[in-house]
Amino acid sequence: MVIYPLFPLQSQGLLNEEEMRNAATLDPVVIEDWHDVPGTVPTRQKALSIKVGEIWPGRDYRVPVRFIVPKEGKAKGMLVTGGNHLDNVEKTVELHGLDIELLKGGVGLVKTIVQDLNSFGQGELEKESEEKFLATLDPHAKKQFWAWPATISRAITAAYAENEFFAPGKVAVTGASKNGASPSISLIADKRITAQFACVSPIWSSPLRMCDKAAWEELKAYDQQYFEREKTLGHDMKPSYSFLGGYSGPNYNDKALAKGHSWDELKHFAQSMEKEVFVASCWDELMERNVEILFQPGTHDFVMYDLIYGGSRYPQIPIYLKANTGHSYRKAHPAAEHDEQNEEAFLLQHFFLEKNPLLAPPSITTEVAGDSLKVTVTFAQNDKADSGRIFWIYDRGPDGSLAYINELIPNDNFRDMNQSGNSWVVDIQLEKGHTTIDIFSNHRKVVDIRGKAYITYISSPYTRIELRSEEGALDDVHD
């Protein structure tokens, strides 16, 4: 049986831009009309329900949206977020922190819902859409691929339709997990979007994500051995995580195979979707649009589980790695940065101060001499970091493995680096008996935005160095 995607991705894209921008099809239903809201920053707010589109022929998908603009004048541009719940979209909301700073500068807020569909009364559609996707591999039927990212684009269209309250300007999207992954798809398809800040969400198309059967078989064999070994040691652990190996969200491979699909079909589907989903695969096009991006994937996250693959292939993508973090089930490394204000600084700089940038990704070089590893992290001539701290872990499990998630960076495996011109250097004394060492460094810069200082961090590319013993020496094969 061969059931390749029904949706013509190559001809019009997963999110059809003409459909996404068509305000005439929004079918708005007012929940709460424009009204003044007092507060630290007086605003005007409106809530309505809009039609995103047909998730399949004859089945509408609708979401609520809230608009918040300064009390006087038009908002120029907007921040769009989907990590909201029904109560704080349908009802007038109290504003805090970043929202207030953006509104002070004349930027509007657009709040919608990118959550499980049953969280706002569409549980039947949730179940029905998943069944339809597994039967057909039609991405238009799956919330992760169409409904959620289309929600973001349609919310932008709905805001600009309120042309007495919104003027054209920059559009930023931000969020974590599903609200990091969905905006990536929106960003790729929707040229109105100018910036994305995302946490614990996919970035690149590694072999597991691309349904490479050999990679999956190797991973399953490794995990089985690891799980059995941990059981014999008396360690209580999960036998698997449903997200590990997933394309852009939970893994659907086994369920699709059980429905009669083949590995060839899964691979074809993944390849047809690659440039619709992964920012790394569209990097040059996004840079031509002058899009600004910052990712915070976590070092031990079960959704963004492939740092080893991406670190060596996409060193140009701005990333901050907070040690031993992922989805909220973890505590950060004791030496991890606890004063980071990346999201606030990134968004405020994007909207207001184009000439006061955050640090760009540095380059990294390594050299093994005897039992010492020398690491040099170098910034561009116009970039000045205030600090450098390196973290490392030996013999970490492969991307997507249980060991990758469960085995944390040891508390003692960090060191402050020394500055040498525009570089930061450090020597790590290598322990004997290891086959690999993974390293990354974090670097601080304080930026002043609208009279307030913000503390930001950027990481060097995540780097795995293969080590092998040969006449008492350790060879570095990274370079």
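In this predicted model, Glu128 and Arg59 bring their side chains together in a salt bridge, at 2.6 Å from N to O. The two partners come from distant parts of the chain, 69 residues apart, with Glu128 in helix H5 (residues 123–136) and Arg59 in strand S3. Glu128 counts as partly exposed, at 28% relative accessibility, and Arg59 counts as partly exposed too, at 24%. Helix H5 also supplies Glu130 for a salt bridge with Lys142 (2.9 Å, N to O). Here the partners sit 12 residues apart, Lys142 being in the loop between H5 and H6. Lys142 is buried, with a relative accessible area of just 6%, whereas Glu130 is partly exposed at 25%.

A third pair, Asp339 and Arg444, meets at 3.7 Å, N to O. Asp339 lies in the loop between helix H12 (307–313) and H13, while Arg444 belongs to strand S15 (residues 436–449), so this salt bridge ties together parts that are 105 residues apart in sequence. Both ends are partly exposed: Asp339 has a relative accessible area of 29%, and Arg444 has one of 24%. Elsewhere, Glu17, Arg21 and Lys191 are joined into one network by salt bridges that share partners. The structure holds 21 salt bridges.

Not every charged side chain finds a partner. Asp223, in helix H8 (residues 213–232), is buried yet has no salt bridge. The nearest side chain of opposite charge is that of Lys220, and it is 9.4 Å away. Since a salt bridge needs the nitrogen within 4 Å of a carboxyl oxygen, Lys220 does not qualify as a partner for Asp223. What Asp223 does contact, leaving aside neighbours within four places in sequence, is Gly400, Ser401 and Leu402.

Moving on to the strands, S5 (residues 108–112) has 5 of its 5 residues buried, so the rest of the structure largely encloses it. In a regular strand, side chains alternate between the two faces of the sheet. Both faces of S5 are covered, with Gly108, Val110 and Thr112 buried on one side and Leu109 and Lys111 buried on the other. S5 pairs with strand S3 (residues 59–70) in the antiparallel sense, over 4 bridges, and Ile68 stands opposite Leu109 there. With strand S4 (residues 75–81), S5 pairs in the parallel sense, again over 4 bridges; in this pairing Val80 has Val110 as its bridge partner. Strand S3, then, both pairs with the buried S5 and carries Arg59 of the salt bridge to helix H5.

A separate description covers the open sheet of 4 strands, ordered S9-S10-S14-S13 with antiparallel pairing. Strands S9 (363–369) and S13 (418–420) stand at the edges with a single partner strand each, so one side of each is left without a neighbour in the sheet. On average, neighbouring strands of this sheet are turned by 25° against each other, direction ignored. Strands S10 (residues 372–378) and S14 (residues 423–429) pair over 7 bridges in the antiparallel sense, with Val375 and Val426 as bridge partners.

As for helix packing, H13 (residues 342–352) has 8 of its 11 residues buried, so it is largely enclosed by the rest of the structure. Among the buried residues are Phe346, Leu347, Leu348 and Phe351. H13 packs against helix H4 (residues 97–104), their axes coming within 11 Å and crossing at roughly 10°, so the two count as roughly parallel. Leu98, Glu101 and Leu102 of H4 meet a set of H13 residues that includes Leu347, Leu348 and Phe351.

Helix H7 (residues 178–189) shows another arrangement. The axes of H7 and helix H6 (residues 143–161) come within 8 Å and cross at roughly 75°, and H6 and H7 are therefore roughly perpendicular. The contact involves, among others, Trp148 and Ile152 of H6 and Pro183 and Ile185 of H7. H7 also packs against helix H10 (residues 263–277) at about 80°, with the axes 8 Å apart, which makes H7 roughly perpendicular to H10. Ser184, Ile185 and Ile188 of H7 meet Lys275, Glu276 and Val277 of H10. Ile185 thus takes part in the contact with H6 and in the one with H10.

Finally, Asn411 lies in the loop between helix H14 (402–406) and strand S12 (414–416). Asn411 touches His333 and Pro334, not counting residues up to four places away in sequence.

Notes:
Residues numbered from 1 in each chain as written. Predicted model: local features only at pLDDT ≥ 70, side-chain atom pairs only at ≥ 80, totals over all residues. Heavy atoms only, no water. Pairing = 2+ DSSP bridges. Axes fitted to C-alpha atoms, helices over the stretch in contact; angles between N-to-C directions. Buried < 20%, exposed > 50% of the residue type's maximum accessible area, 1.4 Å probe, protein only. Lys, Arg positive; Asp, Glu negative; His and termini not counted. Contact = heavy atoms within 4.5 Å. Parallel < 35°, antiparallel > 145°, perpendicular 65-115°, else oblique.
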